[in-house]
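Here is a short report on one protein chain. Please look over the sequence and the model before reading on.

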Amino acid sequence: MDYAETVVTTAGRARAWDALADVTAYPRWTASMTSVEPLDGPALAVGNRFRIRQPGLPVNIWQVREVREGESYVWEAHAPGVRTVAYHRLESEAGGATRISIGIRQTGPLARLVALLISAKTRRYVRLEAAGLKAAAESRDAPEAGDTATADGR
């Protein structure tokens with residue numbers, strides 16, 4: 001099963017990437033996640049794993065499979081009978097805007113059953129994440145590219 005959402009932010013690609021790459025901050029800007037716990041360090045790096053809690057879903061361990069700095073990343077999670085792969089992609093738009101694309105693909109012998117049970121929630125969560133990322137990238141508190149300060153000024 002496939003789920004995807006695309007939004008355009010007025011934020012530049014560097015600012016959008018800063019928000020996207022800070023995966024442990026996701027619960028601050030999307031209601032689709034209550035916690036993101038790094039298991040191998042907080043960096044968005046190939047091989048690193050993150051324990052993610054989402055309302056109404058089992059806890060999953062997501063492992064980063066691919067990172068294209070400033071452009072995209074892919075991570076995946078496994079549950080009995082289902083493999084879930086999620087991508088997060090940024091593309092430059094005219095006038096300095098950035099297109100944000102987020103998608104999920106579930107495969108495996110139980111993927112159709114899982115889709116019957118949670119497809120509405122999955123669609124909603126993908127929309128929430130895209131909208132939250134847009135807002136985080138556009139936030140006045142978001143650091144500019146290359147800024148080492150965190151959003152709260154530390």
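Which residue in strand 5 does Trp62 stand opposite? The answer is Ala77. The model is a predicted one.

## Strand pairing

Strand 4 covers residues 60-68, and strand 5 covers residues 72-79. The two run antiparallel and are joined by 6 bridges.

Both belong to an open sheet of 7 strands. Its order is 1-7-6-5-4-3-2, and the pairing is antiparallel. Strand 1 (2-9) and strand 2 (35-38) stand at the edges. Each has a single partner strand, so one side of each has no neighbour in the sheet. From one strand to the next, the twist averages 20°.

## Helices across the sheet

Helix 1 (residues 13-21) lies across strands 4, 5, 6 and 7. Its direction makes an angle of about 155° with strand 6 (82-92).

Helix 3 (residues 111-138) lies across strand 1, strand 6 and strand 7. Relative to strand 1, helix 3 runs at about 10°.

## The nonpolar core

In soluble globular proteins, nonpolar side chains tend to be buried together. Here the largest nonpolar core has 32 residues. Within this core, Tyr26 and Trp75 touch the most other members. Helix 3 gives the most to the core, with 6 residues.

What does Trp75 touch, leaving aside residues up to four places away in sequence? Its contacts include Val23, Phe50, Ile52 and Trp62. Gln63, Val64 and Arg65 are also among them. So are Thr84, Val85, Ala86 and His88.

Note on methods:
Residues are numbered from 1 along each chain as its sequence is written. This is a predicted model: local features need pLDDT of at least 70, side-chain atom pairs count only at pLDDT 80 or more; totals for chains, interfaces and linings use all residues. Side-chain values use heavy atoms; hydrogens and water are left out. Two strands pair if DSSP finds at least two bridges between them. Helices (H or I, at least four residues) and strands (E, at least two) are DSSP runs, numbered from the N terminus. Axes are lines fitted to C-alpha atoms, for helices over the stretch in contact, and angles run from 0 to 180 degrees between N-to-C directions. Contact means heavy atoms within 4.5 Å. A nonpolar core is a set of buried Ala, Val, Leu, Ile, Met, Phe, Trp, Tyr and Cys residues joined through side-chain atoms within 4.5 Å. Buried means under 20% relative accessible area, exposed over 50%, partly exposed in between (1.4 Å probe, protein chains only).
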